[in-house]
Amino acid sequence: MILVMGTFRLPTAAFATAVPMMRAVIEATRAEDGCLAYAYSHDALDPEVIHVSEKWRDRAALDAHFQTAHMATWAQQRAGLGLTERNIRVFESDEGVAV
């Protein structure tokens with residue numbers, strides 16, 4: 001299993017514009033083969049921080065994700081939003097244990 005975790009900074013003024021764009025990429029990504037979870041969440045303490053969390057069946061599914069039309073669209077859209085401090089990491093994991 002592949003986990004993708006990270007953050008990016010989105011100016012507060014761009015948030016309302018970004019929400020429909022983020023919704024579109026989230027919905028399209030969740031429909032992809034091999035996507036087990038995909039979410040963006042707003043940080044409760046810093047309104048400009050967006051948390052990214054993804055869970056993929058395997059690396060091949062994640063690699064295919066990067067080639068989709070909706071990811072190309074999202075890359076173009078986010079370039080105009082003032083998004084900064086993008087810090088995304090990929091981890092390989094097993095299923096884990098519930099705590």
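This is a short talk about some aromatic rings and two other residues in one structure.

Hi everyone, and thanks for having me. Please keep in mind that we are looking at a predicted model.

Let's start with the aromatic rings. A pair of such rings is described by two things, the distance of the centres and the angle of the planes. How many aromatic pairs are there here? The count comes to 3.

Take F8 and Y40. Their ring centres are 5.8 Å apart and their planes stand at 90°; over 60 degrees counts as edge-to-face, so that is what we call this pair. Now look at where the two sit. F8 belongs to strand 1, residues 2-9, while Y40 belongs to strand 2, residues 35-42, so the pair ties together parts that are 32 residues apart in sequence. Are F8 and Y40 buried or exposed? Both of them are buried.

Y40 also has a second partner, W74. Here the centres are 6.2 Å apart and the planes are at 35°, so this pair is tilted. With Y40 in strand 2 and W74 in helix 3, residues 69-79, the pair ties together parts that are 34 residues apart in sequence. As for accessibility, Y40 has a relative accessible area of 17%, and since under 20% counts as buried, Y40 is buried. W74 is buried too, with a value of 3%.

If you put the ring pairs together, you get a cluster that links F8, Y38, Y40 and W74. Try finding those four on the structure above.

Now on to a histidine. H65 is found in helix 2, which covers residues 59-65. Its relative accessible area is 1%, so H65 is buried. Which residues does H65 contact, once we set aside neighbours within four places in sequence? They are T29, E32, Y38, E54, W56, H70 and M71. You may recognise Y38 from the ring cluster. There is also a distance to point out: H65 and G34 are 31 residues apart in sequence, and from C-alpha to C-alpha they are 9.0 Å apart in space.

My last stop is an arginine, R78, and we are back in helix 3. R78 is buried yet has no salt bridge. What is the nearest side chain of opposite charge? That is E54, 8.4 Å away from R78. We have met E54 already, as one of the contacts of H65. If we leave out residues up to four places away in sequence, R78 touches L83 and R86.

That's my tour, and thank you for listening!

Definitions and conventions
Residues are numbered from 1 along each chain as its sequence is written. This is a predicted model: local features need pLDDT of at least 70, side-chain atom pairs count only at pLDDT 80 or more; totals for chains, interfaces and linings use all residues. Side-chain values use heavy atoms; hydrogens and water are left out. Rings of Phe, Tyr and Trp (its six-membered ring) pair if their centres lie within 6.5 Å; planes under 30 degrees apart count as stacked, over 60 as edge-to-face and the rest as tilted. Helices (H or I, at least four residues) and strands (E, at least two) are DSSP runs, numbered from the N terminus. Buried means under 20% relative accessible area, exposed over 50%, partly exposed in between (1.4 Å probe, protein chains only). Contact means heavy atoms within 4.5 Å. Lys and Arg count as positive and Asp and Glu as negative; His and the chain ends are not counted. A salt bridge is a side-chain nitrogen of Lys or Arg within 4 Å of a carboxyl oxygen of Asp or Glu.
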